[in-house]
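Q: I have a protein structure in front of me and would like to learn how to read it. Could we go through its features one at a time?

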Amino acid sequence: MVGQTEKHKMAAAPRVPETQDITRIERIGAHSHIRGLGLDDALEARMVSQGMVGQTNARRAAGVILQIIREGKIAGRALLIAGQPGTGKTAIAMGMAQSLGPDTPFTMISGSEIYSLEMSRTEALSQAFRRSIGVRIKEETEIIEGEVVEIQIDKPAAGSGDKRGKLTLKTTEMETIYDLGAKMIDGLQKERVQAGDVVTIDKASGKISKLGRSFTRARDYDAMGASTKFVQCPEGELQKRKEVVHTVSLHEMDVINSRAQGFLALFAGDTGEIKQEIREQIDQKVSEWREEGKAEIVPGVLFIDEVHMLDIECYSFLNRALESPMAPVLVFATNRGITRIRGTNYKGPHGMPIDLLDRLLIISTEPYTEKEVSQILHIRCEEEDVEMSDDAQELLTKIAIETSLRYAIHMICTASLVCTKRKGTEVDMQDIKKVYSLFSDVKRSTQYMMEYQHEFMFSEIAAPEGEGGATEGDAMKTD
């Protein structure tokens, strides 16, 4: 029985990597193919670049706004991206975020989500504003930086007690031996530091960071593996003064200073409302740091999608907030025409009041041409790793023109599943037709509802004469 058990274990061992591969899932989003705005150095839009297709005028205008954001000198600018559904408004905003990079704060919210938070609407907008403004704090710290020559660890003879040791570090000009305590020894062992590594040690905190492997140990490349990073041996003295930069948002500073648990409050989820006195103290402190040269403001971007969902109270707040010197650059997006302003009985362009629209730079998006739709579908096929024949892509493009681009994009994944089911390697026309028959688009679904609406509950459209269903005198009719 023992032999059988060992044989069973040996047979099961090779299955471990297979299980790890299965659990690794790659998430693909609606705009995961966007890498930037697709502009050249002269801010001219390339026809197809960085995942962006068409909308050249809108992308050029967004590129000008990017220059304003990068310079960081102008606050309170607002931009409205307006156009029909499915014309790439959110894609342009995502392209701006990708072009700005991770150092510039970019906050994205929907106009409807501020109603579901456990705080007032103006407080939710205030926190979104503060999240979109970063503070780059500079401080100098003393560090020890060098290449490890030797590590000696002396274990206690009695088997208990504090560990002691010596660390030999060198640069291109000097070499020094440092005495190690138990804390430093634990740090070196945790980072798996060994002879030949280039490390930095923060003198204030004792934190050890491994920068990489010295080029003098390049002959050990095969033994270390292909992923090993090699760096030059540091020059000059071992002890140096180094400028360390931390970037935090104003909202993070507000939370840390308004909660008893401090930094841990950031991980608690809903931060609740923050007193205005706290924000004023933070702003005053940041102003002092700016005058002393210890910090600088990094104005970011606040993107509000579906901005027509805001009400007149929110619009009044935005009017005042845009005049603040600490305001970020605002980017709105909407697909509405002339419609009612929420919270009033009046109508306005895009569902927004005229006094706020007067402050905005408006970018209009245009419907995609058939060629542009084909290029977008090709990019999405590559992003979702779907092989599709030319005939199938041509049919999908035709469906996108007759229905909508979003519907056609949804069909890519479903057609790929149908193709896999029949053990095919490439999506062809029969897969597209199969999916088209299984899932209705908006037009066909609306047509079906109009034909059979009298068979649904709470129907408000009177049925044609001679058919049953709801009429104006029915008790089921609602206003």
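A: Let us begin with how one helix packs, keeping in mind that this is a predicted model. The buried residues of helix H8 pack against H5, E5, strand E11 (239–249) and helix H9 (276–292).

Q: Which residues of helix H8 (residues 250–258) are the buried ones?

A: A residue is called buried when its relative accessible area is under 20%. In helix H8 the buried residues are Leu-250, His-251, Met-253, Asp-254 and Val-255.

Q: What does the protein look like as a whole, in terms of helices, strands and buried residues?

A: The secondary structure comes to 16 helices and 17 strands, and of the 479 residues of the protein, 39% count as buried. The area that the protein exposes is about 28800 Å², and carbon and sulfur atoms supply 50% of that area.

Q: Among contacts between residues at least 6 apart in sequence, what percentage join residues at least 24 apart?

A: In this protein the figure is 64%. One pair that you can find for yourself is Pro-299 and Pro-328, which are 29 residues apart in sequence but have C-alpha atoms 5.3 Å apart in space. Pro-299 belongs to strand E12, and with a relative accessible area of 15% it counts as buried, because the cut-off for that word is 20%.

Q: How should I read a salt bridge, and how many are there here?

A: The general idea is that side chains of opposite charge can pair when their charged atoms come close. For this model the count comes to 23 salt bridges. In one of them Arg-121 pairs with Glu-313, and the closest N and O atoms are 2.4 Å apart. This pair links distant parts of the chain, since Arg-121 is in helix H5 (residues 121–131) and Glu-313 is in helix H10 (residues 312–321), 192 residues apart. Both ends are partly exposed, with a relative accessible area of 25% for Arg-121 and 37% for Glu-313.

Q: What do Arg-136 and Glu-296 tie together?

A: The side chains of Arg-136 and Glu-296 meet in a salt bridge, at 2.6 Å from N to O. Arg-136 lies in strand E5 (residues 133–154) and Glu-296 in strand E12 (residues 295–299), so their pairing ties together parts that are 160 residues apart in sequence. Arg-136 is partly exposed at 22% relative accessible area, and Glu-296 is partly exposed at 30%. Salt bridges can also share partners, and in this way Glu-123, Arg-130, Asp-254, Arg-279 and Asp-283 are joined into one network.

Q: Where is there a salt bridge between residues close in the numbering?

A: Look at Lys-294 and Glu-292, whose side chains meet in a salt bridge at 3.4 Å, N to O. Lys-294 is partly exposed, with a relative accessible area of 42%.

Q: Which residues gather in a patch of negative charge on the surface?

A: For a patch of this kind we look for like charges on residues that form no salt bridge. Here the patch is made by Glu-370, Asp-385, Glu-387, Asp-390, Asp-391, Glu-394 and Glu-426. Helix H13 gives the most to the negative patch, with three residues. Glu-370, for its part, is found in helix H12 and counts as exposed at 52% relative accessibility.

Q: Which residues other than glycine have a positive phi?

A: Two cases to look at are Asp-385, a member of the negative patch, and Gln-50. The phi of Asp-385 is near 60°, and this residue is in the loop between helix H12 (370–383) and helix H13 (390–402), where it is exposed with a relative accessible area of 69%. Gln-50 has a positive phi of about 55° and sits in the loop between strand E1 (48–49) and strand E2 (52–53); with a relative accessible area of 38%, Gln-50 is partly exposed.

Q: What makes up the nonpolar surface patch of about 380 Å²?

A: That patch is made by Tyr-448, Met-449, Tyr-452 and Phe-456. Of these you might select Tyr-452, which lies in helix H16 (residues 442–452) and counts as partly exposed at 34% relative accessibility.

Methods. Residues are numbered from 1 along each chain as its sequence is written. This is a predicted model: local features need pLDDT of at least 70, side-chain atom pairs count only at pLDDT 80 or more; totals for chains, interfaces and linings use all residues. Side-chain values use heavy atoms; hydrogens and water are left out. Helices (H or I, at least four residues) and strands (E, at least two) are DSSP runs, numbered from the N terminus. Buried means under 20% relative accessible area, exposed over 50%, partly exposed in between (1.4 Å probe, protein chains only). Contact means heavy atoms within 4.5 Å. Accessible areas come from the Shrake-Rupley method with a 1.4 Å probe; for residues, only the protein chains shown count as cover. Patches are made of residues with over 30% relative accessible area and no salt bridge: like charges are joined within 9 Å, nonpolar side chains (Val, Leu, Ile, Met, Phe, Trp, Tyr) within 5 Å. A salt bridge is a side-chain nitrogen of Lys or Arg within 4 Å of a carboxyl oxygen of Asp or Glu. Lys and Arg count as positive and Asp and Glu as negative; His and the chain ends are not counted. The place of a charge is taken as NZ of Lys, CZ of Arg, CG of Asp or CD of Glu.
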